[in-house]
Amino acid sequence: MRIKFWGVRGSTPTPERRNSRYGGNTPCVEVRLANGTLIIFDCGTGLRALGNSLLRELGQQPIHAYLFLTHFHWDHIQGIPFFAPFYQSGNVFLFHSVMRKGADLQAAIEDQMASPYFPVGMDAMASTRHFFDLDEAPINVNGAIISSVPLNHPQGCVAYRVSADGGTFVLATDTEPGSQPHDEALRSFVRDADVMVYDAQFTPEQLRGEKKGWGHSSWLEGVNISSECGVKQLILFHHDPNSEDAFVDGLVQRAQQTFPNVIGAAEGLEMEVTEGAHPRNRPPASLERRGERRYHVELPVKLAWKSPDGGIFQYEGTSKDISASGIQITAPLDAPENGPLEVEMILPDEITHQGDVAVHFTAMPLRREFTNEAAGDPSRALRISARRSPQEEKSVGKVAAFASRKK
Ligand SMILES: [Zn+2]
Ligand SMILES: [Zn+2]
């Protein structure tokens with residue numbers, strides 16, 4: 001996946017020359033998956049330029065994007081009224097936030113445009129918008145697994161973790177260290193991330209003194225978390241409005257003395273979040289492992305399974321496709337939803353010229369759908385996608401003693 005920063009400034013926009021290298025727009029980070037899916041984290045003033053860029057890139061093509069908000073402080077939503085694609089019909093946007101606990105997500109976004117704060121309401125926007133309030137369970141967005149964890153920030157905030165295309169990216173902004181449960185939860189949440197974007201608004205000295213309790217962090221805590229938790233690349237983010245470019249440079253340099261892989265987030269910075277993720281951080285296993293070859297082969301298969309009362313059922317079906325770790329087969333309606341299937345796949349003599357050759361394995365059903373391709377043949381009413389067990393599990397009686405057909 002690719003990430004791009006459209007806004008990196010905390011609290012309020014700072015369109016000043018002394019800030020121009022890192023940039024003055026408030027938080028907005030674009031994530032583009034390898035399959036083209038567009039995900040946007042936070043809608044600060046950086047969102048406006050992202051909108052214009054999307055219109056240039058996509059022309060008249062409809063725009064479909066997933067938006068995730070960390071929280072609703074102004075600097076994270078104030079780009080919404082100026083995002084041109086919202087005003088075009090045919091565009092679809094899915095807003096997500098985490099556990100508003102009854103507060104209305106849609107109202108939290110729309111009320112900033114209520115009279116007398118803005119000349120038009122959100123109903124002037126012709127695009128289609130949907131609002132989803134998530135709990136902390138991970139969700140799958142076109143192959144990206146996105147999860148969240150609460151942060152220590154006034155009125156609440158969440159960090160997001162995105163695992164996609166073999167890489168892992170964490171956005172943890174608007175967070176203050178010092179609350180033990182939050183500190184621990186964030187540490188396990190970011191473990192082994194390839195890239196962590198982290199709130200470094202204040203200096204460590206400010207954080208111990210006058211800025212304690214303001215809900216923000218420093219490069220020092222970012223460095224500590226990164227080195228403790230195996231984060232590979234740290235990006236300092238949410239720069240203070242009063243931190244001019246040279247000052248941010250100084251913070252980055254101080255951080256680099258203890259953790260070399262640190263940079264400061266800057267508007268326009270773009271990077272590929274790639275490989276190197278620890279295996280346990282990969283998205284939950286799907287049917288096939290990444291890059292695995294899938295063969296479309298229709299071959300007769302024999303299926304057997306044990307019913308709960310111990311009876312053994314046998315059917316004949318057809319394979320649809322197969323890979324090193326998965327198989328798709330037709331099966332009758334009463335095939336088990338969760339239990340193991342014994343599968344015997346027959347490579348006929350016409351192919352092998354060595355007689356029929358049987359291949360045995362065990363498969364765990366993952367997904368079932370109804371087929372209509374074999375109308376009138378109830379033994380093929382379902383199409384089952386199953387994970388092939390890496391090793392032969394306890395056999396249901398060696399495919400219930402299907403005789404080997406080897407000649
Ligand atoms: Zn903020
Ligand atoms: Zn905030």
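Modeller: Let me start with terms: helices (H or I, at least four residues) and strands (E, at least two) are DSSP runs, numbered from the N terminus. This is a predicted model, in which local features need pLDDT of at least 70 and side-chain atom pairs count only at pLDDT 80 or more, while totals for chains, interfaces and linings use all residues. Residues are numbered from 1 along each chain as its sequence is written, and chains are lettered from A and ligands numbered from 1 in the order in which they are written.

Colleague: Thanks! Is Asp42 buried or exposed?

Modeller: Asp42 sits in the loop between strand S3 (38-41) and helix H1 (46-58). Its phi is positive, near 70°, whereas most residues other than glycine have a negative phi. A residue is buried if 20 or more other C-beta atoms, placed from the backbone, lie within 10 Å of its own, exposed if 12 or fewer, and partly exposed in between. Asp42 has 26 such neighbours, so it counts as buried.

Colleague: What is the phi of Asp165?

Modeller: Asp165 lies in the loop between strand S9 (157-164) and strand S10 (167-172). It is buried because 20 C-beta neighbours fall inside 10 Å. Although Asp165 is not a glycine, its phi is positive, at about 50°.

Colleague: Which residue does a cis peptide bond join to Ser115?

Modeller: Most peptide bonds are trans. Here omega is about 5°. The partner belongs to the loop between helix H3 (105-110) and strand S6 (128-134), and it is Pro116.

Colleague: In what order do the seven strands of the open sheet run?

Modeller: Two strands pair if DSSP finds at least two bridges between them. The edge strands, each pairing on one side only, are S7 (139-141) and S13 (262-264). Neighbouring strands are turned by 25° on average, direction ignored (axes are lines fitted to C-alpha atoms, for helices over the stretch in contact, and angles run from 0 to 180 degrees between N-to-C directions). The pairing is mixed, and the order is S7-S8-S9-S10-S11-S12-S13.

Colleague: What is the bridge partner of Val195 in S12?

Modeller: Strand S11 (195-199) and strand S12 (233-237) pair in the parallel sense over five bridges. Opposite Val195, the partner in S12 is Gln233.

Colleague: At what angle do H6 and H7 pack?

Modeller: Helix H6 (219-229) lies across S11, S12 and S13, and helix H7 (245-256) touches S12 and S13. Residues are in contact if their C-beta atoms, placed from the backbone, lie within 7 Å; Trp219, Gly222 and Val223 of H6 meet Leu251, Arg254 and Ala255 of H7. The two axes are 10 Å apart, and the angle is about 30°.

Colleague: How many residues are in the largest nonpolar core?

Modeller: A nonpolar core is a set of buried Ala, Val, Leu, Ile, Met, Phe, Trp, Tyr and Cys residues joined through C-beta atoms within 7 Å. Ala172, one of those with the most contacts inside this core, touches residues including Leu151, Ala159 and Met196. S9 gives the largest share, six residues. The core's total is 68.

Colleague: Which residue in S5 stands opposite Tyr66?

Modeller: Strand S5 (92-98) is mostly covered, with five of its seven residues buried. Five bridges join S5 to strand S4 (64-68), and these strands run parallel. S5 also pairs with S6 in the parallel sense, over seven bridges. Facing Tyr66 in S5 is Leu94.

Notes:
Contact = placed C-beta atoms within 7 Å. Lists of a residue's contacts leave out its neighbours within four places in sequence.
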